[in-house]
Amino acid sequence: MKIGIVGCAGRMGRTLVAEIEASDGAVLGGGSEQADSPFIGQDVAVLAGLKAAGVMVGADAAALFSVCDAVIDFTAPSAAPIHAGLAADTGKVLVVGTTGLDADQQQAVEAAAARTAIVQAANMSVGVNLLLGLTRQVAAVLGEDYDIEVIEMHHRHKVDAPSGTALALGRAAADGRAVALDDKAQRSRDGIVGARRAGDIGFANLRGGDVVGEHTVIFATDGERVELSHKASSRGVFAKGAVRAALWAGGKPPGPYSMTDVLGLD
Ligand code: NAD
């Protein structure tokens, strides 16, 4: 499968190039960046710390979709709907790892999935997708007297908070309790906020250094605390998952798919 990467000069973009170059079932179809990127015209593989591959960073995402079987998007929330539209127009597989999409951007991605196969996940690692299932189960078993808090830590460059994964974990906990996360989420606390409301699902976000991604879901009650944690120490786990998702989606009918589908975890 010929796989292209939009945002190929970013942290995840470079990791994806290395993952595709190391993978058996995939070949690098090309990479694109924003038109004003200083990396346009540079060798995609060299940017990823590899030997030159003769594949240069382009500025035309439409051209990239036309020559690839699948495209992987780890870019920015504003770019994801544009790439989803291109995937739908060309009938190519799209894997969306970008997080922080607002409701309109998310709706645009889902509308495009009516016309082509799109795999989207806030976290592409096998471990986090297992953690989502465990969080749902534990929340279903433990009652409202267990307070749920989701803590995440990421590197200093991350622009959205809480992380997409933290929100997905909150949603999994809410699903387990058969409530809507929007009704229960407590996304920040500052000052005299009063006592904790029963049933809330709280979030705390830490930023610093080069932390790749750490998430813990805490279930705390009088006398005991259950904690489910995942720590990613390399972006490679997300890239591996994204390439696996692209290969899995090849030949699938149009539709929105998740990593749960890709990994057969349901
Ligand atoms: P980054 O800023 O290092 O890279 C993003 C790249 O996308 C940049 O090079 C930027 O120039 C490029 N870009 C932005 N708009 C573009 C456009 N319109 N066309 C082409 N390129 C464009 O960020 P990152 O750390 O690589 O993370 C990217 C996204 O992936 C973030 O939303 C992050 O939260 C998410 N992420 C998801 C997972 C997951 O498993 N789903 C894992 C890690 C990061």
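Which side chain meets that of Arg207 in a salt bridge? In this predicted model, the partner of Arg207 is Glu152, with an N to O distance of 2.6 Å. Arg207 belongs to strand E9 and Glu152 to strand E7, so the pair links distant parts of the chain, 55 residues apart. The two residues can also be described by their accessibility. Glu152 has a relative accessibility of 0% and is therefore buried, since buried means under 20%. Arg207, at 30%, counts as partly exposed.

The search of the whole structure finds ten salt bridges. Side chains of opposite charge can pair when their charged atoms come close. Another of these pairs is formed by Arg189 and Glu149, whose closest N and O atoms are 2.8 Å apart. Glu149 lies in strand E7 (residues 147-154), while Arg189 lies in the loop between strand E8 (185-186) and strand E9 (201-207), so the salt bridge ties together parts that are 40 residues apart in sequence. Glu149 is buried, with a relative accessible area of 16%, and Arg189 is partly exposed at 39%. Both residues belong to a network, joined with Asp147 and Arg196 through salt bridges that share partners.

A further salt bridge connects Asp89 with Arg115, and here the closest N and O atoms are 3.1 Å apart. Asp89 is part of helix H4 (residues 80-90), and Arg115 is in the loop between helix H5 (103-112) and strand E6 (117-120), so this pair ties together parts that are 26 residues apart in sequence. Asp89 counts as exposed, with a relative accessibility of 57%. Arg115 counts as partly exposed, with a value of 47%.

The strand E6 that follows this loop takes part in an open sheet of seven strands. The order of the strands is E3-E2-E1-E4-E5-E6-E12, and their pairing is parallel. Strand E3 (57-58) and strand E12 (255-257) are at the edges; each has a single partner strand, so one side of each is left without a neighbour in the sheet. E12 runs parallel to E6, and three bridges join the two. Ile118 has Pro256 in E12 as its bridge partner.

Helices pack on this sheet. H4, the helix that contains Asp89, touches strand E1 (2-6), strand E4 (70-73), strand E5 (93-96) and E6. The direction of H4 makes about 165° with that of E5. Helix H9 (residues 236-249) also packs on the sheet, where it touches E1, E4, E5, E6 and E12. For H9, the angle with the direction of E5 is about 155°.

Technical notes. Residues are numbered from 1 along each chain as its sequence is written. This is a predicted model: local features need pLDDT of at least 70, side-chain atom pairs count only at pLDDT 80 or more; totals for chains, interfaces and linings use all residues. Side-chain values use heavy atoms; hydrogens and water are left out. A salt bridge is a side-chain nitrogen of Lys or Arg within 4 Å of a carboxyl oxygen of Asp or Glu. Helices (H or I, at least four residues) and strands (E, at least two) are DSSP runs, numbered from the N terminus. Buried means under 20% relative accessible area, exposed over 50%, partly exposed in between (1.4 Å probe, protein chains only). Two strands pair if DSSP finds at least two bridges between them. Contact means heavy atoms within 4.5 Å. Axes are lines fitted to C-alpha atoms, for helices over the stretch in contact, and angles run from 0 to 180 degrees between N-to-C directions.
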